[in-house]
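Dear colleague,

I am passing on a structure that I would like you to look through at your own pace. Please open it first, and then read my notes beside it.

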Amino acid sequence: MTATGNGDVALARRRRLNLYLGGQASWFVSLGIQFVIFPFLVTQVLHEPAARVGIAQMSLMAPAILFMLLGGTVADHGDARRILIRVHLLSALPPLVLAGIYLSGNLTYASLIVFALTMGTLSAFAIPARDSALTRVAETGIQQAVTMAMGVQMGSQLVGMLIAALAGITGTPALLIFQAVVMLAGFFASLKLAPLPPSNAASTESRFAQIVDGVKTAAAVPIVATVIGLNFAVGLFYVGSFLVVLPLMIRDIYLTSAAEFTVKFAIINICFWGGTILVNMVLFRIGHIGHRGRMMMGSLASGLVILALFHFPMPFWMICVLVFWWGMGAGTTMTMGRTIVQIAAPESHRARVLAAYQLGFSGGAPIGALTMGLLVGWLGIFDAVLVPSTIMVGILAALYLLSPIWSYKAEME
């Protein structure tokens, strides 16, 4: 191929990747807004107790348990572009409906649960389609493509959280309407993508059989099975703690007003996602990393230390420092884990294996959110955080002794 031909191919690949990342940015700016506004509505507008806060946060992620593997099966046998177009369009509707309910003065706990379940269900179909498309869109340099995608994801969430911090100025309905507009921007970016047809021929097997086949494929690759199991522990013990403990800590320990809550919760999230962005910039600069499993283990060990430190009363600025540190560990864990699975998963089952990987995370998180809500109500915030941190010590020790994650080393892609 001539130099001109190579340049045209590279330009087309770059344009394809930019459109893909544009759609991803749209989704996660919207998610960042939701990440702040939803707990604000539950804790500050409706003043729900700890257990009901846990149930509400669980409702955002619980649909993943039911639909994530189905979403992976649909993505493996469908056009990923078409799936992304549909979920972006449909995801613009729930924020508009919720804004209308809020403006009418009829906001209830039940309406928030319905909103959460709807958005969670749409996410269960969007995530496998987006994740499986990345390898085909990027074609080469998978670790760097994953790192770039993770950086866009985290940076976009951070932007969404910064926007949500303006709730005291703009009002909640305006932010919900803006969330819908941002989702529509992703709809138009996805429309401009070239078709991403499935690599598999149409299957005569039932959806259930295809889901089982995907789970078996994931379980058959030891490093993939280990990362999925580790992801479940992260969702259960870390994400559940983050989603429940921090909003309640801001409300009950730092005694903030409704106006201050969105600002302080946004600051906490900015610190966390700022840490993830920083570490992904460093990982992108470093390039190939062989011992990805060891980096995951080290990052998760730092996370349990941070959770344990939350046991001690401290000023708000110190919480922010610890959350920033936690974010750096989370960014490392997510990037290394997703890269391992992207590369190790067979092409024919990639969406289903990635869905199983995401299900580990998303499936553990709602259980963790519910559990932490109950533990905080029973033990109080400061003692409740010692439970997940203690259990994670045993999990990491078992993985070190019994799994291939510590010895795993990746070749250059």
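**What was found in the model**

The chain contains 16 helices and zero strands. Please keep in mind while you read that this is a predicted model, in which the mean pLDDT of the chain is 80 and 87% of the residues reach 70 or more. Confidence varies among the elements: helix α4 (residues 93-103) has the highest mean pLDDT, 94, whereas helix α9 (residues 207-220) has the lowest, 70.

Turning to the chain as a whole, 57% of its 413 residues count as buried, and its accessible surface comes to about 16,100 Å², of which 72% belongs to carbon and sulfur atoms. If you consider the contacts with a separation of 6 or more, 88% of them are accounted for by residues 24 or more positions apart.

The interior is a good place to begin. The largest nonpolar core has 126 residues, and those with the most contacts inside it are F38, Y238, I268, F310, I319, V323 and W326. Helix α10 (residues 222-253) supplies the largest share of this core, with 19 residues. To see how one of these residues is placed, select I319, which, when its neighbours within four places in sequence are left aside, is in contact with M249, Y254, I268, F310 and M314.

Aromatic rings come next, and a search of the whole structure finds 11 aromatic pairs. In one of them, F38 and F115 are stacked, with 6.2 Å from centre to centre and 25° between the planes. This pair links distant parts of the chain, since F38 belongs to helix α1 (residues 3-45) and F115 to helix α5 (residues 109-138), 77 residues apart. Are these two residues buried or exposed? F38 has a relative accessibility of 2%, which is under 20%, so F38 counts as buried, and F115, at 6%, counts as buried by that cut-off too.

The rings of F187 and F188 give another arrangement: their centres lie 5.0 Å apart and their planes stand at 65°, which is over 60 degrees, so this pair is edge-to-face. F187 is itself buried, with a relative accessible area of 14%. You may also wish to display F35, Y238, F242, F272, W273, F310 and W326 together, as they form one aromatic cluster.

Two rings are accompanied by a charged side chain. R52 lies over the face of Y109, at 3.9 Å from the ring centre, while the charged end of K264 sits over the ring of F316, 5.1 Å from its centre.

Finally, here are two residues that you can use to practise comparing position in sequence with position in space. G377 is found in helix α14 (residues 350-379), and its relative accessible area of 63% is over 50%, so G377 counts as exposed. Although G377 and A51 are 326 residues apart along the chain, their C-alpha atoms are separated by 6.7 Å. V393 lies in helix α16 (residues 386-402), and V393 is partly exposed, with a relative accessible area of 46%. The C-alpha atoms of V393 and V305, which are 88 residues apart along the chain, are separated by 9.4 Å.

With best wishes

Notes:
Residues are numbered from 1 along each chain as its sequence is written. Side-chain values use heavy atoms; hydrogens and water are left out. A nonpolar core is a set of buried Ala, Val, Leu, Ile, Met, Phe, Trp, Tyr and Cys residues joined through side-chain atoms within 4.5 Å. Buried means under 20% relative accessible area, exposed over 50%, partly exposed in between (1.4 Å probe, protein chains only). Helices (H or I, at least four residues) and strands (E, at least two) are DSSP runs, numbered from the N terminus. Contact means heavy atoms within 4.5 Å. Accessible areas come from the Shrake-Rupley method with a 1.4 Å probe; for residues, only the protein chains shown count as cover. Rings of Phe, Tyr and Trp (its six-membered ring) pair if their centres lie within 6.5 Å; planes under 30 degrees apart count as stacked, over 60 as edge-to-face and the rest as tilted. A charge sits over a ring if NZ of Lys or CZ of Arg is within 6 Å of the ring centre and within 35 degrees of the ring normal. pLDDT is the predictor's confidence in each residue, from 0 to 100.
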